[in-house]
Amino acid sequence: MSYPLVILFCVGLLHQTTRAVLMDKLADQKICGDAECSYVLSMATALDDFIAPDCRFISLKKGQMVYVYSKLIAAEGAGVFWSGSIYSERYVDQMGIIGYFPATVVKETQKFTENTVKMQTTDMDFYCD
């Protein structure tokens with residue numbers, strides 16, 4: 001293989017691995033079930049379809065079950081967003097992907113904890129890859 005091809009190959013690999021984007025913050029604070037936001041706060045059901053506008057969000061289909069991991073504390077005049085992952089055998093390809101969705105498109109069906117932690121959001125909360 002010639003050197004120019006090797007260089008082009010390496011640049012192509014770097015280009016593929018540097019696609020991560022830091023997105024704007026949706027809120028400065030959030031509520032979680034623990035300090036790492038790893039415990040599920042509640043289970044919710046999607047009341048309507050929601051199409052993710054960018055990589056921070058997850059798309060929801062009406063009737064899907066969603067594990068809620070955190071609830072953003074909205075600034076005055078801002079929308080209320082929660083983060084979670086889809087739970088559904090029908091949409092296995094989306095299971096485990098965590099993203100934000102409007103709290104207005106889901107109905108909480110079961111709360112798992114009343115003990116919550118209020119904490120600051122970080123840039124990593126709004127990081128897209």
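Hi everyone. Let me start with a cut-off: a residue counts as buried when its relative accessible area is under 20%. Keep that in mind while we go through the salt bridges of this predicted model.

How many salt bridges does the structure hold? There are 3, and I'll take them one by one.

Let's begin with Asp 125 and Lys 30, whose closest N and O atoms lie 2.8 Å apart in a salt bridge. This pair joins distant parts of the chain, with the two positions 95 residues apart. Asp 125 sits in the loop between β8 (117-120) and β9 (127-128), while Lys 30 belongs to strand β2 (residues 29-32). Are these partners buried or exposed? Lys 30 has 8% relative accessibility, so this residue is buried. Asp 125 has a relative accessible area of 18%, so that one is buried as well.

Next up, Glu 108 and Lys 71. Here too we have a salt bridge, and its closest N and O atoms are 2.8 Å apart. Again, distant parts of the chain are linked: Glu 108 is in strand β7 (residues 106-111) and Lys 71 in strand β4 (residues 65-73), 37 residues apart. Lys 71 is buried at 17%, whereas Glu 108, at 25% relative accessibility, is partly exposed.

That leaves Asp 54 and Arg 56, whose side chains meet in a salt bridge at 2.7 Å, N to O. Arg 56 is buried, with 13% relative accessibility. Its partner Asp 54 comes out at 22%, and therefore counts as partly exposed.

Thanks for listening, and I'm happy to go back to any of these pairs on the screen.

Methods:
Residues are numbered from 1 along each chain as its sequence is written. This is a predicted model: local features need pLDDT of at least 70, side-chain atom pairs count only at pLDDT 80 or more; totals for chains, interfaces and linings use all residues. Side-chain values use heavy atoms; hydrogens and water are left out. A salt bridge is a side-chain nitrogen of Lys or Arg within 4 Å of a carboxyl oxygen of Asp or Glu. Helices (H or I, at least four residues) and strands (E, at least two) are DSSP runs, numbered from the N terminus. Buried means under 20% relative accessible area, exposed over 50%, partly exposed in between (1.4 Å probe, protein chains only).
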